[in-house]
Each structure stands twice: as structure tokens, then as C-alpha cells.
Amino acid sequence: MDKPSEKPLVTRTKTTESARDLIAVGEFGYPIGHLGHLTDAQAEALVVFKRLCQEKKLFKPASDINQSSHDDVTMLRFLRARRFVPQDALQQFADTESWRESNKIGDLYNNIDIKDYEETRRLYPQWTGRRDKRGIPVYVFEVAPLNSKTMSAYAKSSVKTTVHNHDSEKATTPPRMLRLFALYENLVQFIMPLCSNLRDRDHPSTPISQSNNIVDISGVGLKQFWNLRTHMQDASTLATAHYPETLDRIFIIGAPSFFPTVWGWIKRWFDPITTSKIFILGPNEAYKTLSAFIETANIPKKYGGTLNYEFGMPPILDPAEEAHITWAATNHKWPEGPMRWIPGKNGTLEALAVGSINGKERREIVATMHPDGKPEFAGTQVANQIANEAMGSDAGTALPVQSGAENGVENGAESQPISNGMVEDFLKAKYSSAT
């Protein structure tokens, strides 16, 4: 049973005048305002919000055969962003649905070229593979690598963004920004569900729908900030509008002496709820503050912890995460490119690697999540054999997703990878409430 919700922490930094005005945890800090921790008024607001969305044909409730078009976790993010005022949340939700349709965000994530995805991932916040003391994922973002040379090369490269079966000419958002939102899709479709299904935390029945970010601005000069202003403002504005309430705490580390001036215009990019969650930490405050929220073992060494993680590395899963995941590959390494979870057998979730390689769709099961802890397999080979048998595939080959399996039908002997359309139909019908 979940513990009673506690009063939100109010923490103030001591570095600069502007920083002293920032409250570290917003009025709906986790788990307040999340599933399992709603007041009667908030629960009623959720009912009203879903009804308004249904009337506008933006939301389909669950039926006997289909799950709802959007889960409560998603709907609550929009409500929290608008302080549980249903009409205000409706407008933002409608704008987001229109934006997603215009830019085919689902197709983008399913079919983006893996090389394009990885090029973008290296320039933005990256998941360390670790979580804070509440089970919320911890990301790290080093700004210094985003120099003028790097950003110029990225701007040229992103114009040629390759997305299989995606008409980028009809998109309303520039290609360089679309790539960024493929990373946001990874957060909400893969990382958050992964963390939600781990029970070694307070409030284990409350889904995780936010992330922590350690933003390292060490070595960034005023000129670099100025050169990045348009790029960062565009990214922040779109993220705030279309991925509301996905940020929990933001720890800014390595702020130069001129940062109070820069902060004056940076904070205009964010809504008040987001700015209320930001810490600006001085050199002697980083580890002390981080360790109040994140275990030392999950803080990178660079910031005083013991985690041997550096920006650019793939995630390093903690023991609790590894205890729930069975990897399909014998010599496992974190797969490149986008991934998402789909329902597996016996209450499991399967990690489906998507995206495209040389114009060809990638649809490969790379791991299985066991929410109650993985069974005692006699090594990865046995796990692969079971997975292959379940998928109707020969042992030792890649695991294509079967069209029959997606629709709850027994697999035939022939193995046929599903099409992108079938992935989309399945996800629309089933996945939206998987968390």
C-alpha cells in the first residue's frame, strides 16, 4: 500500500539572487497530482477533461474490446500543466494532437533512420540508466559540446533527416526539431514505462511520468549561450507545449559568473511551473544537493557520485533494472535507435526496436521486461529459445514481430515482420494504456 503523500519540499539555492527565488519542487511535485494521489477535485477534473476531449473527438474511452486512446497518465500531465483547469488543458491538448498529426510524430519515431536518431541523441539530454530515490529517471546534459561548429554541422545534416514512409515536406516543424522530439518520444514510450514497472520505490502503483535532468553548463561562454539562444528557445517552447509535465527537477551545474544575466532571458522560455523546479547550484553545492535526491551510486563521478558514467555513453542499468529485464542478445549492449514496449506473454512487456536502417523498417524484439522479476533462466541462450519459440522464429535469428501475435492470434509456422501500419494500428488500439 502506498505511503500517505507528504508535503512538497521547498528548497532554495544560495548561489545567486535569481536562484534564491526558485522553488525546487512545484505545486504538483511527484506524487502529488499523479495517479493514486488525486484530491476529489482533481479526480473530478480528470473526468471532465476526458469528457471534453471526447466531445471534440480528441479522446476515445475504453470499450470492451479496445483500450482508451490515451491513458490517464498522459491526460494528467496536461491537467497538471494547466493547474487542473479542464478547459485550459483542453486547448493545449487539442493543439498537441493537431501538431502530432501535422508532423506525423508516431511515424517519425517508428521510422526515423537510426543514424539520424543517434546523431541527435549525442547532442541532447541522455538517460544514465539510473533513477532518483523516488524511481524517476536521471538524465545528464552537457551543453559545452554544442559549439558553433557542431551545431552548424547538425543543422546541415538534419535537413536530410531520413524517415521511412514519412513525408517531411508536409511537417510544420523544422527537421532539426523533429529529430529532438523523437528523443521525447523515447522518454514517454520507453524510459518512463520501464521505470514505472519497477516496484523498488515508494508509491509503486503510481506510474512515472517525469524525468530529472542534470544540466552541466561548465565551460560555456556568453557567446556560446547567445549563439544557442534561438535553438534552445525553440526546443523549450515546443517541449513545454507538447510534452507538458515531463520534467521534474532540473539541476543546473557549473553556472558561470554571468549566468544571472543569461537566466533572465532563459527563464522566459519556460512556464512558471517548470521554472519552479530548477536548482542553480554553485561549485560546492552540486553533490550535496544531488545526493539529497539521488543515491550516490546513481550520481556520475563527475558530480561527486560513484557511477562510472560519462555523457555520450549508453545507459548503465542499475541491479534492480537488470533483475527485471531479459535481453535477447547473448552479448548484450544497449541497442541503438528508438525502442518501445509492447505487451508480451504472461504479463510481460517486450522491447521492440523500431526505426529504419538504409530505408528498411527495423522491427526486432530486443528484450523482455518482467514486472514481477524475471524467472530463473539457465543463461541467455534459454531466454532466447523461449522468446524465439513464442515469436515463431528459428533460434539464433533476429526476432521479427508476428502479425498474428500482435492481434492475439496464434502464430503460424511462417515468420512475417509486421508493417509499420500494423504497428501503428496495434499501438493505437492497445499500447496507449500499457503503463
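Let me start at Asn197, whose side chain reaches the backbone oxygen of Pro193 at 2.8 Å, and I should say at once that this distance, like everything else I will mention, comes from a predicted model. Asn197 sits in the loop between helix H8, residues 175–196, and strand S3, residues 211–216. Is Asn197 buried or exposed? With a relative accessible area of 10%, Asn197 counts as buried, because the cut-off for that label is under 20%. If we set aside residues up to four places away in sequence, Asn197 touches Leu349, Met369 and Pro371.

From that loop, let me move on to helix H3, which covers residues 72–81 and is mostly covered, with 8 of its 10 residues buried. Those buried residues are Val73, Met75, Leu76, Arg77, Phe78, Leu79, Arg80 and Ala81, and you will notice that Arg77 and Arg80 are included in that list. What do the buried residues of H3 pack against? Their partners are helix H2, residues 40–55, together with H4, H8, H9 and helix H11, residues 272–275. Just after H3 the backbone does something worth pointing out on the screen, in that Arg83 takes a positive phi of about 50 degrees.

Two of those partners, H4 and H9, also meet one another, and I would like to spend a moment on their crossing. The axes of H4, residues 86–103, and H9, residues 222–242, come within 9 Å and cross at roughly 115 degrees. That angle makes H4 roughly perpendicular to H9, since the range that carries this label runs from 65 to 115 degrees. Which residues make the contact? On the H4 side they are Gln92, Asp95, Thr96 and Trp99, while H9 contributes Leu238, Thr240, Ala241 and His242. Sorted by character, the residues of this contact divide into 3 nonpolar, 4 polar and 1 charged.

Finally, let me step back to the protein chain as a whole, which contains 16 helices and 11 strands. Of its 435 residues, 53% count as buried, and the accessible surface comes to about 20,300 Å², of which 52% belongs to carbon and sulfur atoms. As for how the contacts are spread along the sequence, if we take those between residues at least 6 apart, 71% of them join residues at least 24 apart.

Notes:
Residues numbered from 1 in each chain as written. Predicted model: local features only at pLDDT ≥ 70, side-chain atom pairs only at ≥ 80, totals over all residues. Heavy atoms only, no water. Axes fitted to C-alpha atoms, helices over the stretch in contact; angles between N-to-C directions. Helix = DSSP H or I, 4+ residues; strand = E, 2+ residues; numbered from the N terminus. Parallel < 35°, antiparallel > 145°, perpendicular 65-115°, else oblique. Contact = heavy atoms within 4.5 Å. Nonpolar A, V, L, I, M, F, W, Y, C, P; charged D, E, K, R; others polar. Buried < 20%, exposed > 50% of the residue type's maximum accessible area, 1.4 Å probe, protein only. Areas by Shrake-Rupley, 256 points an atom, 1.4 Å probe, with all protein chains shown as cover. Polar contact = N/O pair within 3.5 Å; in protein donor to acceptor, adjacent residues only side chain to side chain.
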